Amino acid sequence: MSNEVILEVNNLVKHFPINEGFLSRENKKVHAVNGISFKLHQGETLGLVGESGCGKSTAGRTIIRLYEATSGEAKFMGRNIYDLSKKEMMTVRRDMQMIFQDPYASLNPRMTVGDIIGEALDIHHLASGQKRTNRIYELLETVGLNSEHANRFPHEFSGGQRQRIGIARALAVNPKLIICDEPISALDVSIQAQIVNMLEELQEQLGLTYLFIAHDLSMVKHISHRIAVMYLGRIVEITTSQDLYDHPMHPYTQALLSAIPIPDPDVELKRSRIVLEGGVPSPIDPPSGCYFRTRCPKAQQQCAQTTPELKDCGNGHLVACHLV
Amino acid sequence: MALLEVENLSTSFYTYAGEVQSVSGVSFHVDEGEAVGIVGESGCGKSVTVQSIMRLIPNPPGKIKNGQIRLAGRDLVRLPEKEMQKIRGKEIGMIFQDPMTSLNPVLTIGRQMTEVLQHHEGIGKNEALGRAAKYLTMVGISNPERRLKQYPHEFSGGMRQRVMIAMALLCNPKLLIADEPTTALDVTIQAQILELMKDLKDKVNTSIILITHDLGVVAGLCSRIIVMYGGKIVEMGSTQDIFKDPRHPYTWGLLKSVPRLDASKRSKLVPIVGSPPDLLNPPKGCGFAARCPHAMKICETQPPAYTDLNEKHRAACWLLHPDAPKVTFNGIDEKEARS
Ligand SMILES: Nc1ncnc2c1ncn2[C@@H]1O[C@H](COP(=O)(O)OP(=O)(O)O)[C@@H](O)[C@H]1O
Ligand SMILES: Nc1ncnc2c1ncn2[C@@H]1O[C@H](COP(=O)(O)OP(=O)(O)O)[C@@H](O)[C@H]1O
Ligand code: SF4
Ligand code: SF4
Ligand SMILES: [Mg+2]
Ligand SMILES: [Mg+2]
């Protein structure tokens with residue numbers, strides 16, 4: 001891991017308009033991502049966690065410009081990607097790849113695995129002829145498959161193998177950054193470990209940088225150097241993985257950590273849980289002030305009035321809460 | 001005392017490709033007021049086991065081939081469907097991963113809940129509504145009178161799961177079967193649901209069978225754990241035995257492949273190589289042989305019998321044979337054992 005910042009996200013906002021008929025007066029929108037900022041270093045894995053609907057996927061997709069940002073910037077290797085022309089974006093697309101939760105949905109069922117990987121090479125004119133074939137075989141082996149798999153179709157593979165194919169396709173263009181959107185959530189635990197180990201090995205070999213999106217905090221803590229915790233489209237806390245576990249400072253992080261079951265009966269029977277009431281409010285009408293205040297056991301009057309900003313509490317441990 | 005006794009249960013599906021032996025020779029029991037967890041990878045027969053108990057196996061293509069399922073001494077396998085209907089929802093309550101599969105989207109929650117009560121207990125509509133409201137409150141749903149008038153889609157995922165639990169509990173069943181009840185939920189909501197199930201067990205003495213793939217979930221709630229693999233129980237024991245003194249290599253594999261949130265060192269995960277066996281052509285010997293780092297010659301040809309380790313703890317593995325090499329959970333490293 002180096003000190004070079006490869007990605008810098010500043011105040012990124014992504015709202016989705018809701019079409020409620022064109023005569024509707026209200027301009028309602030989904031506040032999916034509400035001004036997030038973070039830096040990602042070369043060779044680092046940053047985990048992005050939070051409950052479903054908190055904007056993790058939207059953040060990932062906006063950062064790779066599958067969605068246009070509502071406002072804010074995402075600087076990749078120093079350049080704000082939202083300012084880039086279509087042509088300039090093509091090269092950035094090579095450097096930034098994405099892998100998805102459901103590899104099957106993202107693999108064309110009518111193409112052979114070889115062609116799925118080859119397509120990525122073709123788009124960026126990276127190899128042709130025998131070189132292309134060799135590169136496909138090499139990529140298949142890199143992800144623990146073999147050259148015979150090149151002529152088969154996605155439906156002939158198990159979930160874990162399909163995720164390997166998705167990873168091979170992402171690797172085809174020699175990316176620098178891979179946004180992993182819940183890449184293991186749909187897999188059995190034993191297969192999850194296979195994929196996670198592989199991602200770790202690839203990072204070491206190729207110096208990859210990951211933005212690792214998931215809701216399973218145990219796995220995120222295992223794979224990430226640092227973790228950002230999101231709630232309703234905002235980052236509420238960000239620090240190193242171990243520090244987040246040892247010294248969680250935001251009431252939401254504390255509750256989230258205490259809710260995660262630990263596979264050890266001695267630990268489980270002794271633990272006390274912070275059980276949060278109710279569920280996450282709608283991102284169409286988020287609460288005023290601190291978004292977490294409707295469920296926060298420590299909420300006070302000012303929490304409804306002003307939005308807490310991310311504050312540095314030392315050593316790059318950032319927390320957004322009035323109490324810290 | 002045993003509330004439920006399952007003995008030598010085998011259930012198969014007869015498909016065009018042949019017989020899928022989903023569950024073969026499964027035996028276990030559940031005591032009164034006890035929570036038992038069933039863990040294992042997907043496709044290992046967890047759901048088919050509990051669907052057999054509920055007699056919800058679609059026939060054709062499925063069939064309970066063999067075995068007995070006794071609920072308070074009564075054999076459910078041979079019970080006429082009519083009698084079985086009286087047991088489902090009344091003596092055994094069931095909750096599934098996806099509540100929408102068991103809630104009717106076009107009927108209000110109140111209508112669905114009162115129908116259960118009218119059907120099983122023959123009580124009047126007003127009394128039934130009162131009881132339904134009481135149960136919604138019990139599972140932590142506020143404003144029950146208003147909620148009873150709403151349709152399933154008006155509830156969030158966590159709330160729907162609570163409605164399902166309330167519905168499963170309406171007739172005070174002795175046994176609650178929960179098949180991955182929290183898999184689709186966020187952890188903070190999962191914590192709420194698990195807390196609720198713990199209360200039921202402690203305060204109402206309900207027996208629980210909890211199916212999950214999350215070892216952390218069973219560690220907190222269950223006093224005994226059943227580990228299934230390839231349609232069979234490979235190990236079974238007290239929660240303490242399974243976590244602290246596991247004896248089957250598959251159980252070792254499950255425990256080592258998940259990271260622990262409270263681990264301070266970043267140790268490498270140990271995945272289980274390969275994938276589960278095809279139940280159309282189950283292996284002749286031990287079902288785990290193809291993936292087991294400790295497999296021996298005999299494992300491929302002969303299925304291992306159970307070895308009883310203590311009153312509650314048993315495992316089916318040739319390593320437990322007195323003449324087998326000594327291998328333990330933390331003892332030998334995987335590579336050494338393979339060579
Ligand atoms: N394309 C879209 N159009 C409208 N709303 C969307 C779209 N994608 C996501 N959303 C909404 O934005 C919010 C954040 O969603 P998402 O980023 O998928 O969350 P997560 O990945 O954390 O589960 C949710 O309320 C979701 O319904
Ligand atoms: N209706 C069915 N028809 C054919 N095979 C089935 C059917 N239901 C389950 N099976 C098979 O039975 C085996 C066990 O399935 P299941 O009990 O659902 O696994 P688990 O719940 O452990 O994930 C699987 O191989 C599955 O494919
Ligand atoms: S700002 Fe207030 S409501 Fe928000 S987390 Fe802190 S104490 Fe809770
Ligand atoms: S019987 Fe043999 S193959 Fe099966 S788990 Fe034991 S050692 Fe491994
Ligand atoms: Mg998502
Ligand atoms: Mg199942």
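Which residue forms a salt bridge with A:E51? Read on with one thing in mind: this is a predicted model.

## A long-range tie in chain A

The partner is A:R295, and the closest N and O atoms of the pair are 3.4 Å apart. What makes the pair worth a look is where its two ends sit. A:E51 is in the loop between β3 (45–49) and α1 (56–63) of chain A, while A:R295 is in the loop between α10 and α11 (301–305) of chain A, so the salt bridge ties together parts that are 244 residues apart in sequence. Counting over all chains, the structure holds 32 salt bridges.

## Where chain A meets chain B

Now for the interface. Here 41 residues of chain A are in contact with 39 residues of chain B. People often describe the size of an interface by the accessible area lost when the parts come together. For chain A and chain B, the buried area is about 3500 Å², with carbon and sulfur atoms giving 58% of it. If you want to pick out three residues on the chain A side, go for A:V189, A:H222 and A:P263: they supply 17% of the area that chain A buries against chain B, more than any other three residues.

There's polar chemistry here too. Four salt bridges run between chain A and chain B. Take B:K244 and A:D266, which form a salt bridge with their closest N and O atoms 3.3 Å apart. There are also 15 residue pairs in polar contact between the two chains, counting pairs with both residues at pLDDT 80 or more. On the chain A side, the elements that give two or more residues are α6 (189–206), α7 (217–223), α8 (241–246), α9 (251–259) and α10 (265–270). Of these, α6(A) gives the most, with nine residues. Sorted by class, the side of chain A that touches chain B has 20 nonpolar, 10 polar and 11 charged residues.

## Ligand 2 in chain B

Which residues surround ligand 2? They are B:F13, B:T15, B:S22, B:E41, B:S42, B:G43, B:C44, B:G45, B:K46, B:S47, B:V48 and B:L279. Two elements of chain B, β1 (2–15) and α1 (46–53), each supply at least two residues of this shell, and α1(B) gives the most, with three. By class, the shell has four nonpolar, six polar and two charged residues.

Several of these residues put a polar atom by an oxygen atom of ligand 2. A backbone N or O atom of B:G43 lies 2.7 Å from one, and a polar backbone atom of B:G45 is 3.1 Å from one. B:S47 uses its side chain, with an N or O atom there 2.8 Å from an oxygen atom of the ligand. Taken alone, ligand 2 exposes 560 Å², and the protein buries 66% of that.

## Ligands 3 and 4

Ligand 3 has 13 residues around it, and A:C290, A:C296, A:C303, A:C321 and A:H322 come nearest. Its shell is made up of nine nonpolar, two polar and two charged residues.

Over in chain B, who comes nearest to ligand 4? Of the 13 residues around ligand 4, B:C286, B:C292, B:C299, B:C317 and B:W318 do. By class, the ligand 4 shell has 11 nonpolar, two polar and no charged residues.

How values were computed
Residues are numbered from 1 along each chain as its sequence is written. Chains are lettered from A and ligands numbered from 1 in the order in which they are written. This is a predicted model: local features need pLDDT of at least 70, side-chain atom pairs count only at pLDDT 80 or more; totals for chains, interfaces and linings use all residues. Side-chain values use heavy atoms; hydrogens and water are left out. Contact means heavy atoms within 4.5 Å. Buried area is the accessible area (1.4 Å probe) that two parts lose on being put together, summed over both. A salt bridge is a side-chain nitrogen of Lys or Arg within 4 Å of a carboxyl oxygen of Asp or Glu. A polar contact is a pair of N or O atoms within 3.5 Å; within protein, one must be able to donate a hydrogen and the other to accept it, and residues adjacent in sequence count only if both atoms are side-chain atoms. Helices (H or I, at least four residues) and strands (E, at least two) are DSSP runs, numbered from the N terminus. Ala, Val, Leu, Ile, Met, Phe, Trp, Tyr, Cys and Pro count as nonpolar, Asp, Glu, Lys and Arg as charged, and the others, Gly among them, as polar. A residue is near a molecule or strand if one of its heavy atoms lies within 4 Å of it. Accessible areas come from the Shrake-Rupley method with a 1.4 Å probe; for residues, only the protein chains shown count as cover.
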